[in-house]
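User: I'm new to this structure and would love a friendly tour. Could we go through it by question and answer?

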Amino acid sequence: MKHLIDPTDLSVQEIDDILDLALDIIDNKEKYSEVCKGKKLATLFFEPSTRTRLSFEAAMMELGGNVLGFSSADSSSATKGESVGDTVRVVSSYADIIAMRHPKEGAPMYASMVSGVPIINAGDGGHNHPTQTLTDLLTIKREKGRLGNYTIGLCGDLKFGRTVHSLIKALVRYEGVKFVLISPNELRVPDYIITEIFEKNNIEYKEVTSLEEVMPELDILYMTRVQKERFFNEADYVRLKDTYILDKSKMKLAKPDLSVLHPLPRVNEISTSIDEDPRACYFRQALNGKYVRMALIYTMLKDNGQI
Ligand code: CP
């Protein structure tokens with residue numbers, strides 16, 4: 001049984017195949033409208049979500065399948081003390097594939113050990129978010145026409161931001177990607193990413209605190225929000241939350257073909273005044289999330305012999 005827990009569970013070839021399939025789905029929606037007929041996706045969301053859960057559900061519906069699930073731990077028997085293991089064991093007897101989000105790092109990995117059907121990690125704590133990474137890669141491919149050979153700035157909460165951790169793991173496997181890590185000192189990327197990923201693989205990177213200073217050199221700017229829900233101390237969150245605000249004055253420093261990505265939700269870190277700038281890709285990125293999840297569900301059900 002093949003699950004998707006970490007972006008590196010997929011080889012570069014498998015990622016490229018999923019992205020190519022997503023592009024074909026975009027161009028030929030009718031061809032895929034019944035490929036998952038009779039199949040069920042369960043969305044087990046123990047933590048809030050708008051894009052990930054609803055795009056998974058829309059994806060399965062557009063493949064002709066059905067969806068079931070819950071959108072918060074409060075509306076499940078987790079509130080009565082049921083374990084993740086028991087929940088997943090039961091739901092895997094109702095559904096053909098499960099997308100699961102949980103605040104505890106490693107919960108989807110544990111679920112994959114007891115599940116009778118494929119598990120997709122839809123975000124676990126500050127750890128990984130592999131389907132956001134597929135979304136980001138499809139967006140980069142569509143906006144830039146390539147997955148390698150550019151300078152990407154990752155800005156904001158690089159400590160708790162799981163989308164950043166997953167994206168770095170995926171992008172270091174492509175040629176010629178240079179990383180600029182822009183964060184306050186308190187929100188730098190975890191040490192394991194520096195030592196185990198950048199340094200071990202001889203990847204070009206630098207850590208800076210000023211966004212203005214590096215704007216002119218970026219081909220892609222990946223903005224993130226400060227992850228309020230992961231802070232232990234409200235005062236620290238309040239002090240750090242507005243460290244970076246991308247606005248028209250900063251966009252004037254950027255290349256004319258910069259691509260601005262953001263996994264969303266946005267709080268204050270991107271001014272709405274740049275939403276109509278053609279370089280702002282984040283709403284197109286959210287739509288790409290539905291197409292890439294269609295490609296992923298279809299691929300995983302096929303690879304596991306369920307369709
Ligand atoms: N990007 C993302 O994971 O958004 P949601 O939290 O709304 O699912």
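User: In which loop is the place of asparagine 202?
Analyst: Keep in mind that we are looking at a predicted model. Phi of asparagine 202 is positive, near 50 degrees, although the residue is not a glycine. Its place is in the loop between α7 (191-199) and β7 (205-208).

User: Does asparagine 202 count as buried or exposed?
Analyst: A residue counts as exposed when its relative accessible area is over 50%. Asparagine 202 has 73% relative accessibility, so it counts as exposed.

User: Which loop holds asparagine 149?
Analyst: Asparagine 149 has a positive phi too, about 65 degrees, and it is not a glycine. Asparagine 149 lies in the loop between α5 and β5 (150-155).

User: Which glycine follows α5?
Analyst: Right after this helix comes a residue with a positive phi, near 80 degrees. That residue is glycine 145.

User: What span should helix α5 have, and how far apart are its end C-alpha atoms?
Analyst: Helix α5 covers residues 130-144, which makes 15 residues at 1.5 Å a residue. The expected span is counted as 1.5 Å times one less than the number of residues. The helix should therefore span 21 Å, and its end C-alpha atoms agree with that, being 21 Å apart.

User: How many residues of α5 are buried?
Analyst: The buried residues of α5 include Pro130, Leu134, Leu138 and Lys144. The helix is largely enclosed by the rest of the structure, because the buried count among its 15 residues is twelve.

User: What covers the buried residues of α2?
Analyst: In α2, the buried residues are Thr52, Arg53, Ser55, Phe56, Glu57, Ala59 and Met60. The elements that cover them include β1 (40-45), β2, β3 (97-102), β4 (119-124), α5 and α11.

User: How far apart are the end C-alpha atoms of α2?
Analyst: Helix α2 has twelve residues, so at 1.5 Å a residue it should span 16 Å. Just after this helix, glycine 64 takes a positive phi of about 90 degrees. The end C-alpha atoms of α2 agree with the expected span: they are 16 Å apart.

User: Which side chain is joined to that of threonine 52 by a polar contact?
Analyst: Threonine 52 has its place in helix α2 (residues 51-62) and counts as buried because its relative accessibility is 4%. Leaving aside neighbours within four places in sequence, its contacts include Phe45, Ala122, His129, Thr131 and Arg293. The polar contact is 3.0 Å, and the partner is arginine 101.

User: How many salt bridges does the structure hold?
Analyst: Side chains of opposite charge can pair when their charged atoms come close. Some of these pairs join up here, as Glu47, Arg162 and Arg230 are linked in a network of salt bridges. The structure holds 21 salt bridges.

User: How far apart along the chain are lysine 169 and aspartate 6?
Analyst: The side chains of lysine 169 and aspartate 6 meet in a salt bridge of 2.7 Å, N to O. This pair links distant parts of the chain: lysine 169 is in helix α6 (residues 162-171) and aspartate 6 is in the segment before α1 (12-27). Both lysine 169 and aspartate 6 are buried. Along the chain they are 163 residues apart.

User: Which helices are linked by glutamate 62 and lysine 290?
Analyst: Glutamate 62 and lysine 290 form a salt bridge, with their closest N and O atoms 2.7 Å apart. The pair links distant parts of the chain, 228 residues apart, and the helices are α2 and α11.

User: Is glutamate 62 buried or partly exposed?
Analyst: Its partner lysine 290 counts as buried because its relative accessibility is 15%. Glutamate 62 has a relative accessible area of 30%, so it is partly exposed.

User: What separates arginine 239 and aspartate 236 in helix α9?
Analyst: Arginine 239 forms a salt bridge with aspartate 236, and the closest N and O atoms are 3.2 Å apart. They are three residues apart in helix α9 (residues 234-240), so what separates them is about one helical turn.

User: Which residues form a nonpolar patch on the surface?
Analyst: One member, leucine 68, has its place in strand β2 (residues 66-70) and counts as partly exposed because its relative accessibility is 30%. The patch has about 250 Å² of accessible area together, and its residues are Leu68, Val90 and Tyr94.

User: Which residues are joined by a cis peptide bond?
Analyst: The bond has an omega of about 5 degrees. One partner is found in the loop between β9 (259-261) and α11 (282-303). The joined residues are leucine 264 and proline 265.

Note on methods:
Residues are numbered from 1 along each chain as its sequence is written. This is a predicted model: local features need pLDDT of at least 70, side-chain atom pairs count only at pLDDT 80 or more; totals for chains, interfaces and linings use all residues. Side-chain values use heavy atoms; hydrogens and water are left out. Patches are made of residues with over 30% relative accessible area and no salt bridge: like charges are joined within 9 Å, nonpolar side chains (Val, Leu, Ile, Met, Phe, Trp, Tyr) within 5 Å. Accessible areas come from the Shrake-Rupley method with a 1.4 Å probe; for residues, only the protein chains shown count as cover. A salt bridge is a side-chain nitrogen of Lys or Arg within 4 Å of a carboxyl oxygen of Asp or Glu. Helices (H or I, at least four residues) and strands (E, at least two) are DSSP runs, numbered from the N terminus. Buried means under 20% relative accessible area, exposed over 50%, partly exposed in between (1.4 Å probe, protein chains only). A polar contact is a pair of N or O atoms within 3.5 Å; within protein, one must be able to donate a hydrogen and the other to accept it, and residues adjacent in sequence count only if both atoms are side-chain atoms. Contact means heavy atoms within 4.5 Å.
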